[in-house]
Every structure is written in structure tokens, then in C-alpha cells.
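Reader: I would like to learn how to read a model of this kind, one feature at a time. Please give the general idea first and then the case at hand.

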Amino acid sequence: FEQSVNLGIFRTAKHLQEVLNALNYNQQWGSDLAVDGKFGPASRLRLVFALKAGRSKPLQYGINGLQCAYYIEIANKNKSQRKFTNGWLSQRGEASV
């Protein structure tokens, strides 16, 4: 929820799809998802598979890590945004599963 508010639904869905693909070792849950930012039936089903397989914590850490990487990218592209970096990153340290 927090990422959707701060990053938008599209970017949050992309982060989720990227992490779900990374957790899909040996394509145990089928082919990788298209990373298109659309949370449709395929993404929902993959999320259900990951949660049933006990992957909630790595999933949350993964999307939090991508959120941090996005904030670092913003700060590196626009130095005026660096005043926010400490706050952005300090709020993302631990998954709350």
C-alpha cells in the first residue's frame, strides 16, 4: 500500500512483477511474468503461489529494495532531491510481515 501511494500503482506493480520473477526459480510457477506494471490475473495468481510457498518476507524485502533503488536513482539524477534521501531510505529498512 505504502509504495502505491509514494510511487504509484504502475511502478509498484512493476516492482512486484520483477521480484516475483526473481523468486521463480527454475520456473516453478510457470513462465516469468511480463513486467508491464499491470496487476492482472497472471500477477495475482503468481502472488498467491509465492505467498503459499512462504515467500512473503523475501517478496516484501525485494520490493522494498527496489523502492530504495528508485529513490537513489532520483537523488542521483536530481541533486536537489538529496535532502529527502535520508528520510526515504530510513523508512524502508525492514519488512513488516
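Reader: Let me start with the rings. Which residues do ring pairs link into a cluster?

Author: This is a predicted model, and in it the ring pairs join Y70, Y71, F84 and W88 into a cluster. The count comes to 3 aromatic pairs.

Reader: How is a pair of aromatic rings described?

Author: Two values serve: the distance of the centres and the angle of the planes. Take Y70 and Y71, a tilted pair with 6.2 Å from centre to centre and 50 degrees between the planes. For Y71 and W88 the centres are 4.9 Å apart and the planes are at 25 degrees, so this pair is stacked. The stacked pair links distant parts of the chain, since Y71 belongs to helix 4 and W88 to helix 5, 17 residues apart.

Reader: Is Y71 buried or exposed?

Author: Y71 has a relative accessible area of 5%. The cut-off for buried is under 20%, so Y71 is buried.

Reader: Let me step back to the whole chain. How many helices and strands does the chain have?

Author: There are 5 helices and 0 strands. Read from the N terminus, the order of elements is α-α-α-α-α. The C-alpha trace spans about 45 × 25 × 25 Å along its principal axes. The chain has 97 residues, of which 31% count as buried. Among contacts between residues at least 6 apart in sequence, 54% join residues at least 24 apart.

Reader: How do I check the length of a helix? What does helix 4 reach from its first C-alpha to its last?

Author: Compare the end-to-end distance with the one expected at 1.5 Å a residue. Helix 4, residues 56-77, has 22 residues and reaches 32 Å, close to the expected 32 Å. Helix 3 can be checked in this way too: its 12 residues should span 16 Å, and its end C-alpha atoms are 16 Å apart, which agrees.

Reader: Which residues of helix 4 are buried, and what covers them?

Author: The buried ones are L59, I63, N64, Q67, C68, Y71 and A75. Their cover includes helix 1 (2-7), helix 2 (9-22), helix 3 (41-52) and helix 5 (85-90).

Reader: Now the sides of a helix. Which residues of helix 3 are buried, and where do they lie around the axis?

Author: S43, R46, L47 and A50 are the buried residues of helix 3. They cover an arc of only 105 degrees around the axis, which puts them on the same side of the helix. These buried residues pack against helix 2 and helix 4. The face turned away from the buried side carries the exposed residues P41, R44 and K52. After helix 3 comes G54, with a positive phi near 75 degrees.

Reader: Next, the core. Which residues make up the largest nonpolar core?

Author: In soluble globular proteins, nonpolar side chains tend to be buried together. Here the largest nonpolar core has 10 residues: L16, V19, L20, L23, W29, L33, L47, A50, L59 and I63. Helix 2, helix 3 and helix 4 each give two or more residues to this core. The largest share, 3 residues, comes from helix 2.

Reader: Take one core residue. What is L59 in contact with?

Author: Leaving aside neighbours within four places in sequence, L59 is in contact with L16, V19, L20, L23, L47 and L51. Of these, L51 lies in helix 3 and counts as partly exposed, at 44% relative accessibility. With residues up to four places away in sequence left out, L51 touches S56 and L59.

Reader: And a polar residue: where is N24, and is it buried or exposed?

Author: N24 sits in the loop between helix 2 and helix 3. Its relative accessibility is 5%, so N24 counts as buried. The N24 side chain makes a polar contact of 3.1 Å with the side chain of D32. Beyond neighbours within four places in sequence, N24 is in contact with W29, G30, S31, D32 and R46. One of these, R46, is also among the buried residues of helix 3.

Terms used. Residues numbered from 1 in each chain as written. Predicted model: local features only at pLDDT ≥ 70, side-chain atom pairs only at ≥ 80, totals over all residues. Heavy atoms only, no water. Helix = DSSP H or I, 4+ residues; strand = E, 2+ residues; numbered from the N terminus. Expected span 1.5 Å × (residues − 1). Buried < 20%, exposed > 50% of the residue type's maximum accessible area, 1.4 Å probe, protein only. Contact = heavy atoms within 4.5 Å. Core = buried A, V, L, I, M, F, W, Y, C linked by side-chain atoms within 4.5 Å. Arc of directions from axis to C-beta. Polar contact = N/O pair within 3.5 Å; in protein donor to acceptor, adjacent residues only side chain to side chain. Phe/Tyr/Trp six-rings, centres within 6.5 Å; stacked < 30°, edge-to-face > 60°.
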